[in-house]
Structure formats: structure tokens, C-alpha cells
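Let's take a walk through a protein chain together, going from the overall layout to single residues. Keep the 3D view open as you read.

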Amino acid sequence: MKPTHNRYKKKPPVFTGPRERLSQMLVRMRQLEGNPHYIALGMAVGIFISITPIIPLQTIVAVALAFLVRGSKSAAALGTWLSNPLTIPVVYYANYKLGCMLLGYQKTLDSIAFDSFSQLMELGLEVTWAMIVGGVVIGAVLGVAAYFTTFRVFITIRRRARQVDSDSRPRP
């Protein structure tokens, strides 16, 4: 009796490095189904939500929003991977600085001396509002860029797949 090969591949480790995570994301992106507009809309929603400061709810909100705009829910979930422990401090700081600039806040976290925790808590709503405003603006810009980039990438992927299929067909 011949030994059978295990049909199931070993799952990748949960904690992987950035290079492995990127390659996993690219593989998952290629496996997405649907027309390029559908996928690109989902990716744009995911990227937009990943920039906003709602970290524990990002995937849920992105999938719900993708459902509402009729975009790919899988692509939206993948798009939220932009925010991760390495990028969150940079993204949130950029959101805060842009929000302060747009709202005209004179005092920022850089210029305030924290003598007590209560002083920091007094800034709570101001900081939150600045992060939301900055996040919506940055997220909108990145979301639009993600839409057009993803749209072009998937048109190219689908075109190449059609060429490979037509080249591999036997000729009569």
C-alpha cells in the first residue's frame, strides 16, 4: 500500500515577521474573487478604516462598510492589515498632527508639559477629535489611492490570467 500524501498544508505560524506577513497578504490578494471594481472598492474601504483611530473594531467596521457600499468584504478585511503594531504609532501621530493643524489647535502634545494626569485627561476630547479629523482626511486620500492602485493591479492580473489560459489551450 502506497503512503498517501497529506493534502493539507501546514498552517503558517501565528507570529511571523513582516516579510512573511506581506507574502501571505499578496497570496490572499491574488485569491480574491470578483471584478476589479468590487475588489478595489473593498480594499479602499479597508485602508480608509485602518487609518482611523478605532483599533479594536477596524475589521468589523470595514466589513460592514464594504457590505453597505457593495465592495469585497474579504478585501476590506485585508486592507485593515495596514494598521499593525509597527505602523499604528506613526499613523496615529500623523492623524493627530494633521487634525490639530486642520482644527487650528494651538497647543499640541509636543508643546504641553504634563504636570499631572488630570491635565492629560483634560485634553482627551481635543486629542480624540484631532485624531478622528486627521484620520478621516489621511484615510480618504489613502483609500482613493488604494482604489485606483488595486483596480489597476487586478485588471493586470486578470489580463495575464486570460493570456495564460488562451496560450495553454490546444490549437485545432
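Before we start, one term will help: a residue is called buried when its relative accessible area is under 20%, exposed when it is over 50%, and partly exposed in between. Please also keep in mind that this is a predicted model.

Let's begin with the whole chain. It has seven helices and zero strands, so to speak a run of α-α-α-α-α-α-α when you read from the N terminus on. The chain has 172 residues, and 30% of them count as buried. The chain exposes about 12,400 Å², and carbon and sulfur atoms supply 66% of that area. Now think about contacts between residues with a separation of 6 or more: 71% of those in the chain join residues that are 24 or more positions apart.

Now let's look inside. In soluble globular proteins, nonpolar side chains tend to be buried together. Which residues make up the largest nonpolar core here? The nine members are Ile51, Ile88, Val91, Tyr92, Tyr96, Cys100, Val127, Ala130 and Met131. Helices α5 and α7 each supply at least two residues of this core, and the largest share, five residues, comes from α5. Take Ile88 as one member of the core. Leaving aside residues up to four places away in sequence, Ile88 touches Ile55 and Ser83. There is also a second, separate core, made of eight residues, including Leu32, Ile39, Ala75 and Ala146.

Next, find Asn95, which sits in helix α5. Is Asn95 buried or exposed? Its relative accessibility is 0%, and because buried means under 20%, Asn95 counts as buried. What does Asn95 touch, not counting residues up to four places away in sequence? Its contacts are Ile51, Pro53, Ala130, Met131, Gly134, Gly135 and Ile138. Among these partners of Asn95 are Ile51, Ala130 and Met131, and those three residues belong to the largest nonpolar core.

Let's move along helix α7, which spans residues 124-168. Thr150 has its place in this helix. With 7% relative accessibility, Thr150 counts as buried. Apart from residues up to four places away in sequence, Thr150 touches Ile39, Ala40 and Met43. One of these, Ile39, is a member of the second core. Ala75 is another member of that core. Thr150 and Ala75 are 75 residues apart in sequence, and their C-alpha atoms are 9.9 Å apart in space.

Helix α7 is also a good place to meet some aromatic rings. A pair of aromatic rings is described by the distance of the centres and the angle of the planes. How many aromatic pairs does the structure hold? There are two. In one of them, Tyr147 and Phe148 lie edge-to-face, with 5.2 Å from centre to centre and 85° between the planes. In the pair of Tyr147 and Phe151, the ring centres are 5.8 Å apart and the planes meet at 15°, so this pair is stacked. Tyr147 and Phe151 both lie in helix α7, four residues apart, which is about one turn of the helix. Tyr147 is buried, at a relative accessible area of 17%, whereas Phe151 is partly exposed, at 25%. Together, Tyr147, Phe148 and Phe151 form one aromatic cluster.

Now let's come out to the surface. Here Met101, Leu102, Leu103, Trp129, Ile132, Val136, Val137 and Val141 form a nonpolar patch, with about 720 Å² of accessible area together. Both α5 (88-103) and α7 supply at least two residues of the patch, and α7 gives the most, with five residues. One of the patch residues is Val137, found in helix α7. Val137 has 35% relative accessibility, so it counts as partly exposed.

Our last stop is Arg70, in the loop between α3 (58-69) and α4 (73-79). At 69% relative accessibility, Arg70 counts as exposed. Its phi angle is near 60°, a positive value in a residue other than glycine.

Notes:
Residues numbered from 1 in each chain as written. Predicted model: local features only at pLDDT ≥ 70, side-chain atom pairs only at ≥ 80, totals over all residues. Heavy atoms only, no water. Patch = residues over 30% accessible without salt bridge, like charges linked within 9 Å, V, L, I, M, F, W, Y side chains within 5 Å. Areas by Shrake-Rupley, 256 points an atom, 1.4 Å probe, with all protein chains shown as cover. Salt bridge = Lys/Arg side-chain N within 4 Å of Asp/Glu carboxyl O. Buried < 20%, exposed > 50% of the residue type's maximum accessible area, 1.4 Å probe, protein only. Contact = heavy atoms within 4.5 Å. Phe/Tyr/Trp six-rings, centres within 6.5 Å; stacked < 30°, edge-to-face > 60°. Core = buried A, V, L, I, M, F, W, Y, C linked by side-chain atoms within 4.5 Å.
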